[in-house]
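Me: Please go through the side-chain packing and the charged pairs of this model with me. I will ask short questions and would like short reasoning in return.

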Amino acid sequence: MTKIENENQYRWALNRVEEILPLVADDTPLDNPYSIELDLLSNLVADYSDEHYSIGEPTLIDMLKLRMYEMGLNQLALSKLLGISPSRISEYLSGKKEPTLQQARIISQKLNIDPAIILGI
């Protein structure tokens with residue numbers, strides 16, 4: 001098998017990886033048949049997963065909503081925490097506006113969000 005072609009093959013490979021995993025340890029020789037099979041199947045499963053189940057990069061909207069949920073904040077509370085107007089927060093959450101560099105710095109520092117996500121790079 002050089003590539004997983006469908007969902008049935010993917011499920012079979014996942015099950016086989018689960019069966020082999022306990023049989024291979026960090027000190028298992030690389031030429032061990034289980035080690036070889038695990039390496040090959042893991043790569044095939046990873047390739048199929050990347051192609052069919054990739055979740056993509058998070059957006060600023062995703063991260064703001066996540067942090068609001070984690071911190072128990074509504075838009076008004078988030079606005080106060082960041083020192084940014086509620087209407088501007090609403091625009092960020094709807095995707096109508098993007099933060100300025102100064103606002104991006106504040107969001108990054110106070111909410112611990114990667115600057116690359118905030119700036120969309």
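Me: How many aromatic pairs does a search of the whole structure find?
Reply: This is a predicted model, in which local features need pLDDT of at least 70 and side-chain atom pairs count only at pLDDT 80 or more, while totals for chains, interfaces and linings use all residues. Residues are numbered from 1 along each chain as its sequence is written, and side-chain values use heavy atoms, with hydrogens and water left out. Rings of Phe, Tyr and Trp (its six-membered ring) pair if their centres lie within 6.5 Å; planes under 30 degrees apart count as stacked, over 60 as edge-to-face and the rest as tilted. Searched in this way, the whole structure gives a number of aromatic pairs equal to three.

Me: Which residues form one aromatic cluster?
Reply: The cluster is made of tyrosines. Its members are Tyr10, Tyr48 and Tyr53.

Me: Which helix gives the largest share of the largest nonpolar core?
Reply: A nonpolar core is a set of buried Ala, Val, Leu, Ile, Met, Phe, Trp, Tyr and Cys residues joined through side-chain atoms within 4.5 Å. The largest one has 16 residues, and Leu64, Leu78, Leu82, Ile89, Ile107, Leu111 and Ile113 touch the most other members. Two or more residues each come from helix 3 (60-71), helix 4 (75-82), helix 5 (86-94), helix 6 (101-111) and helix 7 (115-119), where helices are DSSP runs (H or I, at least four residues) numbered from the N terminus. The largest share, four residues, is that of helix 3.

Me: Which residues does Leu78 touch, not counting residues up to four places away in sequence?
Reply: Contact means heavy atoms within 4.5 Å. With the sequence neighbours set aside, the partners of Leu78 are Leu64, Met68, Leu73, Ile89 and Leu111.

Me: Why do the buried residues of helix 5 lie on the same side?
Reply: Buried means under 20% relative accessible area, exposed over 50%, partly exposed in between (1.4 Å probe, protein chains only). In helix 5 the buried residues are Ile89, Tyr92 and Leu93. They are on the same side of helix 5 because the arc they cover around the axis is only 95°.

Me: Against which helices do the buried residues of helix 5 pack?
Reply: Just after helix 5, Gly95 has a positive phi of about 80°. The packing partners of the buried residues of helix 5 are helix 3, helix 4 and helix 6.

Me: What distance, N to O, has the salt bridge of Arg16 and Glu19?
Reply: A salt bridge is a side-chain nitrogen of Lys or Arg within 4 Å of a carboxyl oxygen of Asp or Glu, and the structure holds four. Arg16 and Glu19 are both in helix 1 (residues 7-20), three residues apart, about one turn of the helix. A network of salt bridges links Arg16, Glu19 and Glu37. For Arg16 and Glu19 the N to O distance is 2.9 Å.

Me: Does Arg67 count as buried or exposed?
Reply: Arg67 and Glu70 both lie in helix 3, three residues apart, and form a salt bridge with the closest N and O atoms 3.2 Å apart. The relative accessibility of Arg67 is 14%, so Arg67 counts as buried.

Me: What is the relative accessibility of Ser35?
Reply: Ser35 is placed in helix 2 (residues 33-53). Leaving aside neighbours within four places in sequence, Ser35 is in contact with Val24, Thr28, Pro29 and Leu30. Ser35 counts as buried, because its relative accessibility is 11%.

Notes: The arc is that of the directions from the helix axis to the C-beta atoms.
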